[in-house]
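User: Please take me through the terms applied to this model. For each, I should like the value set against its cut-off.

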Amino acid sequence: MRVRRRAGRAGRAGVAAAALTLLLGACSGNGASDGSAGSAGSDGSDPGSASGSASASGSPSPTGEATATSSMPAVPVADPEHAVDPPGEREGRLWSADVLVQWDKPLDDALVRRINRLRGVARTERIGLGQVSLENRVLTVAAVDPGDYRHFTRAEVADLQEAWDRVAGGEMAIDESVAKRLADSDGMIRLGTDADAPRLHVGAYTPQIPTIDMVVNTAWAEDIEMASGNGLLISTDGAAPATIRKPLQRLVGKDASVQMLDVASRIGLDPDARLTAVPTGDTLGSLVGTYRYRVLGGGRIAPEESWVAANIRTEAVPILGTVTCHKDLFPQLRAALLEVQQRGLADEIDPGQYAGCFYPRFIADTTTLSNHAFGLALDLNVSGNQRGSVGEIDRDVVAIFKTWGFAWGGDWRWTDPMHFELSEVRAVR
């Protein structure tokens, strides 16, 4: 059954709120934090506390609402404009997600056929992969066919019918810890730094395949400005994934990233892979392009030398002096700092508390890139503007930076008031 979408954000949130929630037997009233899966409430709240929830056994809920095994119609379609055909009940066996290959463009059918013929390759699934910047975290979004992709997920996720119905209906499946950091009070997440970046409703909390942070259906790929079919999931079934690495890399070429997901599941990435990020959106996508890098250890990375040579510069700017950033950041950075200076606010920025711009490493204690890895962010007045605080930085300085196309970390749900990142390219005259 489909329901007519009401106009506006409140309507979409209302549709999601009206749908029943589902908790697996492994849950104990605290959502998916224990690695199980559940659907998110419209406010991003803990699904374990939602009234009228259904158990995995299919028994009726105390409120009499439909349960997982009910003959009632499927969950309403939250976003008909981005809906695909519902997947129906799962059929066939599950496959292990062993290797993930990413290109910066769609792969052709002939190459997929050659990969499928490699010894050790048991099953493949083509998906879209792109990287979005959300509050200085560069996260990977996968655009998938819900009915096919689910066979590569954990059993309890694959069998969570409502989650895949929601993805087919235009909502997002995402790890709960990521959603709680990024979703607004309506359970919506903006996929990108651009002001017109699409906003998606969190439809389900589900553990994700290693290195993938969130899943949407293929109807979203164009709006997110990500390639469709530029990724390939590979199952080696009974064979060790490492046995296909060399022949696979020879086949796909040096420009493709080949990650062993059994390694990534333990440490967050495959340190032997030449990793690839293909940022989406008008700002990040157009400025960064394809970003290839290797892991050096200690949280450091080594971007491809040709990318650094083409994009990173060291130049002088007002107040801060000499800084190293992305070449396309400088016009707006100079304009913002010059206006700060002209308005008599230069003393509000301490050059001794500047903590850098181009910083090729992961966010501390993670395997996640930040916009610093691209040279498109800078940290100011570090000591008085720590994460989680309201910050001491002068709000007139903040307003000037916003005028010149920068987003401020003090506006985020988990604040980072020292942080400014380019969110919009603007002409400087």
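Analyst: The exchange below treats burial, helices, salt bridges, surface charge and backbone angles in turn. This is a predicted model, in which local features need pLDDT of at least 70 and side-chain atom pairs count only at pLDDT 80 or more, while totals for chains, interfaces and linings use all residues. Residues are numbered from 1 along each chain as its sequence is written, and side-chain values use heavy atoms, with hydrogens and water left out.

User: How many helices and strands does the protein chain have, and what makes a segment count as one?

Analyst: The protein chain has 13 helices and 17 strands. Both are DSSP runs numbered from the N terminus: helices are H or I over at least four residues, and strands are E over at least two.

User: What share of the protein chain counts as buried, and what does that word require?

Analyst: Of the 429 residues, 54% count as buried. Buried means under 20% relative accessible area, exposed means over 50%, and partly exposed lies in between (1.4 Å probe, protein chains only).

User: What area does the protein chain expose, and how is it obtained?

Analyst: About 18200 Å² is exposed, and carbon and sulfur atoms supply 48% of it. Accessible areas come from the Shrake-Rupley method with a 1.4 Å probe; for residues, only the protein chains shown count as cover.

User: Why is H5 called largely enclosed?

Analyst: Eight of the eight residues of H5 are buried, so the helix is largely enclosed by the rest of the structure. Among these buried residues are Trp-164, Val-167 and the charged pair Glu-162 and Arg-166.

User: What makes Glu-162 and Arg-166 a salt bridge?

Analyst: A salt bridge is a side-chain nitrogen of Lys or Arg within 4 Å of a carboxyl oxygen of Asp or Glu. The closest N and O atoms of Glu-162 and Arg-166 are 2.9 Å apart, so the pair meets the definition. Both residues lie in helix H5 (residues 161-168), four residues apart, about one turn of the helix. An α-helix has 3.6 residues a turn, so residues three or four places apart point the same way.

User: What does the salt bridge between Glu-315 and Arg-334 tie together?

Analyst: The side chains of Glu-315 and Arg-334 meet at 2.3 Å, N to O. Glu-315 lies in strand S13 (residues 312-317) and Arg-334 in helix H12 (residues 330-342), so the pair ties together parts that are 19 residues apart in sequence. With relative accessibility of 26%, Glu-315 is partly exposed, and Arg-334, at 30%, is also partly exposed.

User: How many salt bridges does this rule give, and which residues form a network?

Analyst: The count comes to 18 salt bridges. One of them joins Lys-402 to Asp-411, with the closest N and O atoms 2.8 Å apart. Through salt bridges that share partners, Lys-254, Asp-255, Arg-274 and Glu-304 form one network.

User: Which residues form the negative surface patch, and what makes it a patch?

Analyst: The patch is formed by Asp-196, Glu-222, Asp-223, Glu-225 and Asp-282. Patches are made of residues with over 30% relative accessible area and no salt bridge: like charges are joined within 9 Å, and nonpolar side chains (Val, Leu, Ile, Met, Phe, Trp, Tyr) within 5 Å. Lys and Arg count as positive and Asp and Glu as negative, whereas His and the chain ends are not counted. The place of a charge is NZ of Lys, CZ of Arg, CG of Asp or CD of Glu. Asp-223, in helix H7 (residues 221-224), has a relative accessibility of 38% and therefore counts as partly exposed.

User: What is notable about phi in Glu-135 and Asn-136?

Analyst: Phi is near 50 degrees in Glu-135, a positive value in a residue other than glycine, and near 70 degrees in Asn-136, again positive in a residue other than glycine. Most residues other than glycine have a negative phi. Glu-135 is found in the loop between strand S2 (123-134) and strand S3 (137-144), and Asn-136 is found in the loop between S2 and S3. Glu-135 is buried at 17% relative accessible area, and Asn-136 is buried at 7%.

User: Why is Gly-170 called buried, and what does it touch?

Analyst: Gly-170 has a relative accessible area of 4% and therefore counts as buried. Contact means heavy atoms within 4.5 Å. Leaving out residues up to four places away in sequence, Gly-170 touches Asp-79, His-82, Ala-83, Leu-200, Asn-217 and Trp-220. Gly-170 and Asp-79 are 91 residues apart in sequence and 5.1 Å apart in space, C-alpha to C-alpha.
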